[in-house]
Amino acid sequence: MIEKAFDKSYDAGVKNGIMTRVANRLIKEYTEAIGREYGIPDEIKAAAEKIKQMQEVESYEDEFRQVVSCTFRDDRPYDTVTYEYQVNISAYWEKDEYGDDVFAIHWYFFNSQYYEKRIGNQKITAKDFETILRKGYAARGKYRYFCTHRPPAPYCIPKNYVSYETYYQGSKNIGEVTYNEQPPADELRNWGLVIDKEYERMRAAYLEENK
């Protein structure tokens, strides 16, 4: 999440250089919060130019919210991610407490991502990709098996599982099942489960690095 806010008033006789710095800060903070992903709209550039000249900026507001499903076919680290941003800018002349003219400037920029994932009986959430990935490893079992015969479901996989998930159509494997203790070899064969040889090492290393 990124949040930037500015609220300040300036006397009518303030130096031009100060207003230029404020306008540049507006562009900089917008870029840091939102512009890197979406670019800088003409309205933002116009507001900065008006602030340089101490001209009023009619309140400008913009907001965006979109929920996107994960497109990973195998090993989906999240189910959905919600993208959201908010923008509000205004600049206007008003009277201060002494009755003098002052130029008031306000802006607020907010940008966030919100990840959700259902793993077994748990619903995990995070505000960034690295955290949802780490929480996902922690919520799953120590061992992961790929389903090669049928989608995983109770009574179709060995008992004592931690979680199971069906992959999207077109994936290399049908789904996955995780355990904290390895099931008997004969049950694994009967249900067509094949161990993911890299998973245990990757999980342990990632959780250790992110303690």
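**Exercise 1. Strand pairing**

Which residue in β4 is the bridge partner of D7? Work outwards from that pair to the strands on either side of β4.

*Solution.* The model is a predicted one, and the steps below should be read with that in mind. In β4, the residue that bridges to D7 is H106. The pair belongs to an antiparallel pairing of β1 with β4, which extends over 10 bridges. Turning next to β3, we find that this strand and β4 run antiparallel and are joined by 16 bridges, one of the partnerships being that of E84 with S112 in β4. The two strands make a hairpin with five residues between them, and in its turn G99 has a positive phi of about 85 degrees. Finally, β4 pairs with β5 (residues 122–126) in the antiparallel sense over five bridges, with R118 standing opposite K123 in β5. In this hairpin two residues lie between the strands, and G120 takes a positive phi near 60 degrees.

**Exercise 2. One face of a helix**

Determine which residues of helix α2 are buried, and explain why they line one face of the helix.

*Solution.* Helix α2 spans residues 42–52, and its buried residues are I44, A47, A48 and I51. Viewed down the axis of α2, these buried residues fall within an arc of 100 degrees, so they line one face of the helix. The general background is that an α-helix has 3.6 residues a turn, so residues three or four places apart point the same way. After α2 comes M54, which has a positive phi, near 55 degrees.

**Exercise 3. The nonpolar cores**

Identify the residues with the most contacts inside the largest nonpolar core, and state which elements each supply at least two of its residues.

*Solution.* The largest nonpolar core has 25 residues, and those with the most contacts inside it are I51, V87, I89, I105 and F109. At least two residues of this core come from each of β1 (2–11), α1, α2, β2, β3 and β4 (101–119), and the largest share, seven residues, is supplied by α1. Taking F109 as an example, and leaving aside its neighbours within four places in sequence, we find that its contacts include L26, Y30, A33, I34, V87 and I89. Apart from this core lies another, of nine residues, with C70, V81, I124 and I132 among them.

**Exercise 4. Salt bridges and their surroundings**

Compare the salt bridge of R25 and E29 with that of E165 and R76, paying attention to where the partners sit in the chain.

*Solution.* The structure holds 14 salt bridges. In the bridge between R25 and E29, the closest N and O atoms are 2.9 Å apart. These two residues are four places apart in helix α1 (residues 16–38), so about one helical turn separates them. R25 counts as partly exposed because its relative accessibility is 37%, whereas E29, at 10%, counts as buried.

The side chains of E165 and R76 also meet at 2.9 Å, N to O. This pair links distant parts of the chain, 89 residues apart, with E165 in strand β7 and R76 in the loop between β2 (57–69) and β3 (80–95). Both E165 and R76 are buried.

A further salt bridge joins D101 to K95 at 2.8 Å, N to O. Elsewhere, salt bridges that share partners join D75, R140, R144, E176 and D196 into one network.

**Exercise 5. A loop residue**

Is N173 buried or exposed, and which residues does it contact?

*Solution.* N173 is placed in the loop between β7 (161–166) and β8 (175–179). Its relative accessibility is 16%, so N173 counts as buried, the cut-off for that term being under 20%. Leaving aside neighbours within four places in sequence, N173 is in contact with D74, F146, C147, T148 and Y167.

How values were computed. Residues are numbered from 1 along each chain as its sequence is written. This is a predicted model: local features need pLDDT of at least 70, side-chain atom pairs count only at pLDDT 80 or more; totals for chains, interfaces and linings use all residues. Side-chain values use heavy atoms; hydrogens and water are left out. Buried means under 20% relative accessible area, exposed over 50%, partly exposed in between (1.4 Å probe, protein chains only). The arc is that of the directions from the helix axis to the C-beta atoms. Contact means heavy atoms within 4.5 Å. A salt bridge is a side-chain nitrogen of Lys or Arg within 4 Å of a carboxyl oxygen of Asp or Glu. A nonpolar core is a set of buried Ala, Val, Leu, Ile, Met, Phe, Trp, Tyr and Cys residues joined through side-chain atoms within 4.5 Å. Two strands pair if DSSP finds at least two bridges between them.
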